[in-house]
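Visitor: Could you walk me through this fold, starting with the sheet? I'd like the reasoning along with the answers.

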Amino acid sequence: MLATQRTRTAKTDEFYAITCAGLRKQAQRASGAQTPESVTPIQLVEYLIGRKRQLAKRTWQTYKAAVCAQLEDAIEGGQMGEASSLQEVQELQYALDMLRAQSQTEALRHTNRTSALKAKALAGDDMQAICDCLRSMSEGSAPAPGRRSLSARALLTWCQASDLVGLRPSEWANADRLDLADGTPVLKVRNAKHTHDRGNGEYRHLDLSRLTPEQLGIIDQQLELIDGYREPEAFQTLVGTLRKTLSRVARRVLSKRKKYPSLYTFRHQFAADAKSAMNGRSTVAALMGHASDATAGRNYAKAKIGRGGVNVAPVPSEVATVRQKARAQPAKPSI
């Protein structure tokens, strides 16, 4: 077999290795193998093919690419270990050919799991209804009079702050407010997807100078809340509690519907608001922390459901970085 020309980056190789390791663990449980390492290449491929009808097309494509890459490396003496016999090489090649022959035809366009059940928009009236309910719960006036809900107070702040700046839920863990050298107040955010060339650098900075004093107060309250949960385990516990509270409240105050808002919905709505009001995809990408100026248009809520713009902006240097990347190469699909 002729060696294939490598075009993957080291970060992509790392991502594929992590993905493949997770699939091996799943295949181990399904096959009854003693360890993930004892799962043969053919067992791994057969397991993945067997799951295709349960996976969204994009997930299938990612899993297929990861396993194919690992099999290719194994044949060339790479990450999965040196092939010590002709039989092992033949088995690896057979598994690779089997997987390569699989198309995405039987994969699902959408799944009934995770993001497929989460709303990508939050109308102004819905936002108001949720906030009113959380405010009442935090003050002890509803649904159980006299009993205040601390999680409702925390969630109210979280929802209002996320609506203003559009952070991913996980990005609040490392967010901080500071002033630039020229005195501009900014929110410094560590991009959650800065690996594998998906983020516009490790950090993004959101200009807060157009926020009202009340809105700045909401950001400060959110950061004060997060300060008590900076440790990873504590932060995950907080996020889990707020997710459950939002799910319960949304189903209580909103009409019956197929999809209800999640903590990530605020980011989707923020993207729609930004796209409806800002000129240039690079500006929106910098605001969202995306390396590609096509990501927001492809994966987030549409501009037509925007509610009238946003009051934060990216710093110019980060907009320029997105533009440079957009000129240098075509947009890559999000992994």
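Visitor: What is the order of strands in the open sheet?
Guide: This is a predicted model, where local features need pLDDT of at least 70 and side-chain atom pairs count only at pLDDT 80 or more, while totals for chains, interfaces and linings use all residues. Residues are numbered from 1 along each chain as its sequence is written, and side-chain values use heavy atoms, leaving out hydrogens and water. Strands here are DSSP runs of E, at least two residues long, and helices are runs of H or I, at least four, numbered from the N terminus; two strands pair if DSSP finds at least two bridges between them. With antiparallel pairing, the four strands line up as β1-β2-β3-β4.

Visitor: Which strands stand at the edges?
Guide: Look for strands with a single partner, since one side of each is then left without a neighbour in the sheet. That description fits β1 (176–179) and β4 (313–314).

Visitor: How many bridges join β2 and β3?
Guide: On one side, β2 (residues 185–190) is joined to β1 by four bridges, with leucine 178 opposite valine 186. On the β3 (residues 203–207) side, leucine 187 has leucine 206 as its bridge partner. The β2 and β3 pairing is antiparallel, and its bridges number five.

Visitor: Which helix lies across β1 and β2?
Guide: The angle to β1 is about 130°, taken between N-to-C directions on a 0 to 180 degree scale, with axes fitted to C-alpha atoms, for helices over the stretch in contact (heavy atoms within 4.5 Å). Confidence in the chain is highest in this helix, at a mean pLDDT of 97, on the predictor's scale from 0 to 100 for each residue. The helix is α7 (residues 213–227).

Visitor: Is aspartate 126 buried or exposed?
Guide: Aspartate 126 lies in helix α5 (residues 124–139). Leaving aside neighbours within four places in sequence, aspartate 126 is in contact with Leu254 and Arg257. Buried means under 20% relative accessible area, exposed over 50% and partly exposed in between, using a 1.4 Å probe and protein chains only. At 16%, aspartate 126 is buried.

Visitor: How many of the 13 residues of α9 are buried?
Guide: Phe266, Arg267 and His268 are among the buried ones. The helix is largely enclosed by the rest of the structure, because the buried residues number ten.

Visitor: In which helix is confidence lowest?
Guide: The chain has a mean pLDDT of 85, and 85% of its residues reach 70 or more. Where pLDDT is low, the predicted coordinates should not be read in detail. At a mean of 65, the lowest helix is α11 (residues 295–299).
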